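Biologist: Please take a close look at the salt-bridge network in this model and at its surroundings. What does each partner contribute, and how does the network relate to the contact between the chains?

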Amino acid sequence: MADPLVAELKNLIVTRLKLEVAPDSIDAAAPLFGEGLGLDSIDALELVVGIEKQFGIRIADAEMGKKAFASVNALAEFIGEKQGRK
Amino acid sequence: MPEPEENAAHNLPGLEGEPVHIANPVEWIPHRPPILAVDSVDVSRPGQAGTGRRRFMPEEPWLAGHFPGRPIVPGVALIEGIAQTAAIVLLSALGKKGEGVLADVSRFRFKSPVIPPADVTFEVEVIGRFGNLHKVAGKALCGGAVAAEGEVVLSADPR
């Protein structure tokens, strides 16, 4: 069964960035930036704001973002780790 | 600020300082007339929030064609005022003059026309930050009414 957090993140990405794709069509293992979904740095900022609002988790710097935004799966793992520490 | 959902105004880390009044914006940003969109800026929280002010007069060059005989301050001038205020808010925290490079403009609404002569106030607040990009919610107020509000993204590049 699919990870509900992964599904939630796909929805957040599509809604927040106003992407014209179905959330289910996003490959959870594909890179979010560059190849893959092809997001840019302004999209990254938008996701940082959305993730903080939805999960209360701050992605403080580009180094942390590089790890968190590697893919939807990586982002889910990152948020899961942060939530586990709360 | 424009939307309550964006107004989880947190104290973003890394930038702070005492409030400061900037009487001469040209000492901080490279903009010059007629594109200088702020006369002064009060930075209430360096790196976070502040208020810019600008008096628009009917004879200004960018009002000549907008519109002939019926001057209305263009929306782009109000966006520019918000962006320049935000740039000074960010640069003042760094203590260095430089450029605020506009990267994105979103969710702008223009609610009432600004008819010169008019005193406009630009209120800005940083609502998100990632790397060198800063997401800013801004309002342009004139005569007590909101003339425009929306969000901009800019980088603050010290020189």
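Modeller: B:Arg107 is a suitable starting point: with a relative accessible area of 36%, this residue is partly exposed (buried means under 20% relative accessible area, exposed over 50%, and partly exposed in between, with a 1.4 Å probe and protein chains only). The model is a predicted one, in which local features need pLDDT of at least 70 and side-chain atom pairs count only at pLDDT 80 or more, while totals for chains, interfaces and linings use all residues. Residues are numbered from 1 along each chain as its sequence is written, chains are lettered from A and ligands numbered from 1 in the order in which they are written, and side-chain values use heavy atoms, with hydrogens and water left out.

B:Arg107 forms a salt bridge with B:Glu151, their closest N and O atoms lying 3.6 Å apart (a salt bridge is a side-chain nitrogen of Lys or Arg within 4 Å of a carboxyl oxygen of Asp or Glu). Because B:Glu151 lies in strand E7 (residues 145-158) and B:Arg107 in strand E4 (residues 98-110) of chain B, the pair ties together parts that are 44 residues apart in sequence. Strands (E, at least two residues) and helices (H or I, at least four) are DSSP runs, numbered from the N terminus. B:Glu151 itself is buried, at 2% relative accessibility.

B:Glu151 also meets B:Lys135 in a salt bridge, at 3.0 Å from N to O. This pair links distant parts of the chain, with B:Glu151 in strand E7 and B:Lys135 in strand E6 (residues 133-142) of chain B, 16 residues apart. Both B:Glu151 and B:Lys135 are buried. Through shared partners, salt bridges join A:Arg16, A:Glu46, B:Arg107, B:Lys135 and B:Glu151 into one network.

The network also involves the interface. B:Lys135 forms a salt bridge with A:Glu46, with the closest N and O atoms 2.9 Å apart, and the rule finds 1 salt bridge across the interface of chain A and chain B. On the chain A side, helix H2 (41-55) and helix H3 (62-68) each supply at least two residues that touch chain B. H2(A) gives the largest share of that side, 9 residues. By class, that side has 8 nonpolar, 2 polar and 6 charged residues (Ala, Val, Leu, Ile, Met, Phe, Trp, Tyr, Cys and Pro count as nonpolar, Asp, Glu, Lys and Arg as charged, and the others, Gly among them, as polar).

In total, 16 residues of chain A are in contact with 15 residues of chain B, contact meaning heavy atoms within 4.5 Å. The two chains bury about 1,200 Å² between them, 67% of it on carbon and sulfur atoms; buried area is the accessible area (1.4 Å probe) that two parts lose on being put together, summed over both. A:Ile42, A:Leu45 and A:Arg58 supply 41% of the area that chain A buries against chain B, more than any other three residues.

Over all chains the count comes to 11 salt bridges. One of these joins B:Asp119 and B:Arg55, with the closest N and O atoms 2.7 Å apart. B:Asp119 lies in strand E5 (residues 118-130) and B:Arg55 in strand E3 (residues 49-56) of chain B, so the pair ties together parts 64 residues apart in sequence. B:Asp119 is partly exposed at 44% relative accessibility, and B:Arg55 is partly exposed at 46%.

As to confidence, chain A averages a pLDDT of 90, and 95% of the residues score at least 70; pLDDT is the predictor's confidence in each residue, from 0 to 100. Among the elements of chain A, H3(A) has the lowest mean pLDDT (86), and helix H1 (residues 4-16) has the highest (96).
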